[in-house]
Amino acid sequence: MDAQAERPSGALVSPAAARNVEPILTRLRAHLPRTGRVLEIAAGSGQHAVAFSTALPGLEWTPSDPSPEARASIAAWAAEAGPTNLRPPLALDCLDQGSWPTQDFDALVCINMIHISPWTATEGLMGLAERVLPAPGGLLYLYGPYREADRPLAPSNAAFDDSLKARDPAWGLRDRDEVVALARAHGLALTLRAEMPAQNLSLVFRRV
Ligand SMILES: C[S@@+](CC[C@H](N)C(=O)[O-])C[C@H]1O[C@@H](n2cnc3c(N)ncnc32)[C@H](O)[C@@H]1O
């Protein structure tokens, strides 16, 4: 343990991930199958992977992230507190088809990635979902902030969008309708839009 930060050595801490575990878990419980295989894209620190795999013991949970630091953090949290249904992290990059797994999954979970990556990563994510999810019924769960044509953008999300674009002009909040249209082109239909704390959305898609 890193005594100063009170966390396993190499483990990252995301305060946002800690805050949104419970509201996201409530949605996942409602929509994920009780048993099966889940692939988490862009798992980041690994706090979600440990929390969700612990709370959903019937699921085999495989986290992934292209960042070596993230994978080290996921492995560190898993060594400290991971259940047996949590698999080692994969080096999966939505932009690199060569890194995509060849096995199928019952569900994909992707939290807070599509606005912190170029649009091509969202295109890759949808291509991956089309490839690895069973049709019909395979589930894609997205969480994050969106622009919505029929609703005003919250000031906090407008400021967040500005800050993302200042870090990288290719980043930024995505238009929900564009994401839904892209998903549709990859055989995924939107089945749920749910408002979440802090001006975020849960979007649930199913393979058709
Ligand atoms: C803001 S973090 C979110 C992490 C975690 N899901 C959470 O909610 O705490 C964004 C993550 O997206 C990952 N990411 C960025 N580009 C990606 C890509 N092309 N494919 C997969 N993951 C990517 C980053 O490595 C990073 O871990």
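Q: A residue counts as near a molecule if one of its heavy atoms lies within 4 Å of that molecule. Which of the 18 residues around the ligand come nearest?
A: Ala42, Asp65, Asp93, Cys94 and Ile111 do. This is a predicted model, where local features need pLDDT of at least 70, side-chain atom pairs count only at pLDDT 80 or more, and totals for chains, interfaces and linings use all residues. Residues are numbered from 1 along each chain as its sequence is written, and side-chain values use heavy atoms, with hydrogens and water left out.

Q: What makes alanine 42 a polar contact of the ligand?
A: The term needs a pair of N or O atoms within 3.5 Å; within protein, one must be able to donate a hydrogen and the other to accept it, and residues adjacent in sequence count only if both atoms are side-chain atoms. A polar backbone atom of alanine 42 is 2.7 Å from a ligand nitrogen, so the pair qualifies. Backbone N or O atoms of cysteine 94, at 2.9 Å, and isoleucine 111, at 2.8 Å, also lie that far from a ligand nitrogen. The protein covers 81% of the 600 Å² of accessible area (Shrake-Rupley, 1.4 Å probe) that the ligand has on its own.

Q: How do you know where domain 1 and domain 2 run?
A: The bounds come from an automatic or database domain assignment. That assignment gives 1-106 for domain 1 and 136-151 + 171-208 for domain 2. Contact (heavy atoms within 4.5 Å) takes 8 residues from domain 1 and 12 from domain 2.

Q: Why is about 780 Å² called buried between domain 1 and domain 2?
A: Because that is the accessible area (1.4 Å probe) the two parts lose on being put together, summed over both. Carbon and sulfur atoms give 71% of this area. Ile24, Arg27 and His31 supply 58% of what domain 1 buries against domain 2.
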